[in-house]
Amino acid sequence: MNYTNSPIHEVVFNKQKYFIKRDDLLNSDFSGNKARKFYYYLINDFPDIKKVVSHGSSQSNAMYSLSVLCKLKNWQFDYYVDHTASFLKENPIGNYKYAIKNGMNIIEGNLPDFFDKEILFINEGGALVQASHGIEVLANEIKLWVNQNNIKDIKVFLPSGTGTTALFLQKYLPFEVLTCPCVGNEEYLKKQFEVLEKKNHPLILKIDKKYHFAKLYKEFYEIHNNLLTQTNIEFDLLYDSLGWICFENFVKQLKEANTTFLYIHQGGIIGNESMYDRYKHKYPLI
């Protein structure tokens, strides 16, 4: 199976040319930035490991990707959540539905105090040093493409949750990486960076308006639909909508004719199933 070398597609959005690194197309089951973050665990052998333990929300992209990883490696997967809505339990959808199908045990409550040597603990969202291995592979793919196409001035953008992918991309790329915080604010994202690396941080773009993660915003739904119509590419409603609003504003203000703009598509499309239901209910006329 191929989990590297995703294609790069050229698109025009609102009369501006962009290139899209299609990590959403890496593999039908194991794709996006989580495939890069967990690549280290996929390609290496861990003979003592029998179970993976992680935690987060019940619709997390990382949760689903870990369920795929554990299925591939024949590991048990225990996933801890604060709570799962009763409606979701009765009507499984999106990442939750498919992670359960992959054999995930979802546990409501606190993480255990310690883990024995047969358990691999993976922090929420895949924010861990081992993620750098797969992200270095991604960076090398981008560098190869830049060299092959003789690109002199490029800016790479991707929206951030924990910021792990953006951070390690900046470590391994010789040109500027830009991002924006989708979970928490700029200070939260800087602290996330500091945990893993003290220097060479990506540039965090300013967000004009305060957004609460996983809440519904009309402008998110509108830009998502506009992107789908103009580029024929489906993006993630949670991260990419804010990401594109941020990146497009930056590009408009930059006004540099010779700059190449590369957007990293990090997958997360399965999560759209539950988001579409919510958006269609709130904004039925869009």
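Two strands count as paired if DSSP finds at least two bridges between them; strands (E, at least two residues) and helices (H or I, at least four) are DSSP runs numbered from the N terminus. The model is predicted, so local features need pLDDT of at least 70 and side-chain atom pairs pLDDT 80 or more, while totals for chains, interfaces and linings use all residues. Numbering starts from 1 along each chain as its sequence is written, and side-chain values use heavy atoms, without hydrogens and water.

Select I8 and K21: K21, in β2, is the bridge partner of I8. Extend the selection to β1 and to β2 (residues 16-22), which pair in the antiparallel sense over six bridges. Next, show the whole open sheet, six strands in the order β1-β2-β10-β7-β8-β9 with mixed pairing. Its edge strands, β1 (8-13) and β9 (203-204), each pair on one side only.

Move to helix α8 (residues 186-196), where L189, F193 and L196 are buried (under 20% relative accessible area, 1.4 Å probe, protein chains only). These three lie on the same side of α8 because they cover an arc of only 65° around the axis, taken from the directions from the helix axis to the C-beta atoms. The buried residues of α8 pack (heavy atoms within 4.5 Å) against α7 (164-172), β8 (177-179) and β9. Now select K191 and V195, exposed (over 50%) on the face turned away from the buried side.

Finally, select C182, Y211, H212, F213, A214, K215, F220, L238 and L242, which line the largest cavity (lining residues have an atom within 4 Å of a point on a 1 Å grid where a 1.4 Å probe fits but cannot get out). The volume of this cavity is about 50 Å³, counted as the space filled by probe spheres set on the points.

Technical notes: On a 1 Å grid over the protein atoms alone, a cavity is a set of points where a 1.4 Å probe fits but cannot get out, and a pocket is an open set with protein on both sides within 12 Å along at least five of seven lines; lining residues have an atom within 4 Å of a point.
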